[in-house]
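User: I've got a model open and would like to talk it through. Could you take my questions one by one?

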Amino acid sequence: MDRGAKRWLLAAALAVAVVSLFAGQFNRYYLGVTIDIGINIIMAVSLNLINGHTGQFSLGHAGFMAVGGYTAAKLSLLFGAQIPPGAAPIFFAVILLAGGLVAALSGLAVGVPSLRLKGDYLAIVTLGFGEIIRVIFQTTESLGGATGLTGLERYTNLAWAFVLAALTVYVVSCLVNSTYGRGFIAVHDDEVAASAMGINPTKYKVVAFVIGAFFAGIAGGLYAHHKLVLKPDGFDFMRSIEFVVMVILGGMGKTAGVILAAVILTVLPEFLRGFADYRMIIYSLLIIILMMARPQGLFAGWKTGRKQAAPTS
Amino acid sequence: MSTASAKERLLDVSRCTIRFGGLTAVSELDFAVKEGELVGLIGPNGAGKTTVFNLITGVYQPTEGAIQFNSRSLGNLKPHQITARGVARTFQNIRLFPSLSVFDNVRAAIQLHRRHGIVHALWRGGSFKQEEREVEAEALDLLKIFGLDRFRDEASKSLPYGDQRRLEIVRALATKPRLLLLDEPAAGMNPTEKAELTSLIKFVQERFRIAVLLVEHDMQVVMGICQRIAVLDYGVKIAEGTPDEIRRNPKVIEAYLGEPD
């Protein structure tokens, strides 16, 4: 990851761009699911920065997604009609960024007071935040109330979803694999020891929270312009849990595992549509079994990082 | 013995008192450490040694009195700010970062004096790479000095106990302190390990030219290396002096061995 990370990002973006040229020939359904995968990768990898690398248990990631999604959707409904077709990609980039920034801001607003809390307490506060956000959107008539926002333009395509997913992976990996970013893991491991090493735990937690929320906001904008309908119940507590399951399944703090888990947990429900009602039961059982059998995550053993050198003595 | 002028005092604890509810854990403590000095703080269990430690490192704030480091007050600073001022510490029960390798434990501490932040980490330009190389070299040098470089990529918690202690000291040194606080480093060690530790502490003080404050329960370790020793009992300083003076001090003997009938 250290060497040539930028080149990898460029290569991934290029590959996605080429593939998406032929996207018109794909089956629409599979194309839709593939875009879902990209969006969920963004969600899971950004949540992994908070829950995995920094060790702060957040249960409100869908809330940040909603903030970004509604911001982008509202902007696109307000100004989308005046935009000439040629400028659409620029317009979309701008509203996605706006969604990300508003979500980051809400991440800051929630993070600063609540990151003094630990473990269960933080989980409860973030859970509450997610629910509050959902109820606000549900009751605000100018944002469509319970019916939500409809009539959105289909801006999101394969390229948008995966280029931004690649960017998320790049940002999180680069951040953690740097002298600065090692502080996130230090805070995760031992806050007391971290502060004794001159690391400010509060600052690191807030930074992780804001960056995580930013990407969740961007994912929200992509989601809105992929589904074309934005409903408040799409961002309920269960949605947040889905992302948490991806992070746990992939192995806290293991980016490659989390990506894989995001892919599996997006595709699997599609195959099991007949059992959709039981999905949450399956998820719960999955977590319980996982915690008992492999608490380090399903894919955590497949570490792709540096090999462990044998002591040469 | 603490006749050093204010200028010479690197760490200056003056009339420090801390109360937890009705309990006075440390009472009117006067205590100083000079530049480059190796000082011991001893006392029986529950004497308030670790509380003094926590006062200096900002975990607790004194109820009364003041603590100065390098002629500046440490009042109301958070632990990470105190480390940035040049006070590093180790922990009684080793607290390494378990998910980081030996090498990364040291690198995580080196970041304190590095200016690069998020933008550099993401852009990965020339100056970022340059600094990462410097950090790597610095960490490796430190590990080599203490003979830990062969464990470079091992998980920190897989090291033998003595080496974990050593790594904790290396990690503390990586923050470039002027004063190193060691909290009962001999806890859980056998006599051979204690002897090794004693020479290690002496080595650290001389090689890095820093002051060391050793909080220790074990008399042998402290008597062997400290230039000056302060003795705490029930939160009150009962004696201060050279190891020889302390060894003969009747109050110290009484605190450690109990009152003669």
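Here are some questions and answers on this predicted model, mostly about chain B.

User: How confident is the predictor in chain B, as a mean pLDDT?

Analyst: Let's start with the spread. Helix α10 (residues 250–257) of chain B is where confidence is lowest, with a mean of 84, and strand β6 (residues 87–89) of chain B is where it is highest, at 96. Of the residues of chain B, 96% reach 70 or more, and the mean pLDDT is 90.

User: What radius of gyration does chain B have, and how does that sit with a compact globule?

Analyst: Along the principal axes, the C-alpha atoms of chain B fill a box of roughly 70 × 40 × 35 Å. A compact globule with 261 residues would come out near 18 Å, so chain B agrees with that, at 19 Å.

User: Which domains does the assignment give for chain B, and what distance separates their centres?

Analyst: Domain 1 is built from two stretches, 1–86 + 177–261, and domain 2 covers 98–176 of chain B. Taken over C-alpha atoms, the centres of domain 1 of chain B and domain 2 of chain B are separated by 28 Å.

User: Which helix gives the largest share of the side of domain 1 of chain B that touches domain 2 of chain B?

Analyst: The contact takes 11 residues from domain 1 of chain B and 10 residues from domain 2 of chain B. On the domain 1 side, α2 (79–85) and α7 (191–208) of chain B each supply at least two residues. That side of domain 1 of chain B divides into seven nonpolar, two polar and two charged residues. The largest share, five residues, comes from α7(B).

User: How much of chain B counts as buried?

Analyst: For some background on the fold, chain B has 10 helices and 10 strands. Among contacts in chain B with a separation of 6 or more, 68% are between residues 24 or more positions apart. Of the 261 residues in chain B, the share that counts as buried is 43%.

User: Which helix gives the most to the largest nonpolar core?

Analyst: The largest nonpolar core has 163 residues, and those touching the most other members include A:Ile42 and B:Leu179. A:Ile42, for one, touches A:Leu164, A:Phe215 and A:Ala219, among others. Domain 1 (1–86 + 177–261) and domain 2 (98–176) of chain B each give this core at least three residues. The most, 15 residues, comes from helix α9 (residues 201–227) of chain A.

User: What ipTM and pTM does the model score?

Analyst: These two scores are for the model. They come out at ipTM 0.90 and pTM 0.89.

Notes:
Residues numbered from 1 in each chain as written. Chains lettered and ligands numbered in written order. Predicted model: local features only at pLDDT ≥ 70, side-chain atom pairs only at ≥ 80, totals over all residues. Domains from an automatic or database assignment. Contact = placed C-beta atoms within 7 Å. Helix = DSSP H or I, 4+ residues; strand = E, 2+ residues; numbered from the N terminus. Nonpolar A, V, L, I, M, F, W, Y, C, P; charged D, E, K, R; others polar. Rg over C-alpha atoms; globule rule 2.2 N^0.38 Å. Buried ≥ 20, exposed ≤ 12 C-beta atoms within 10 Å, placed from the backbone. pLDDT = per-residue confidence, 0-100. Core = buried A, V, L, I, M, F, W, Y, C linked by C-beta atoms within 7 Å. Lists of a residue's contacts leave out its neighbours within four places in sequence.
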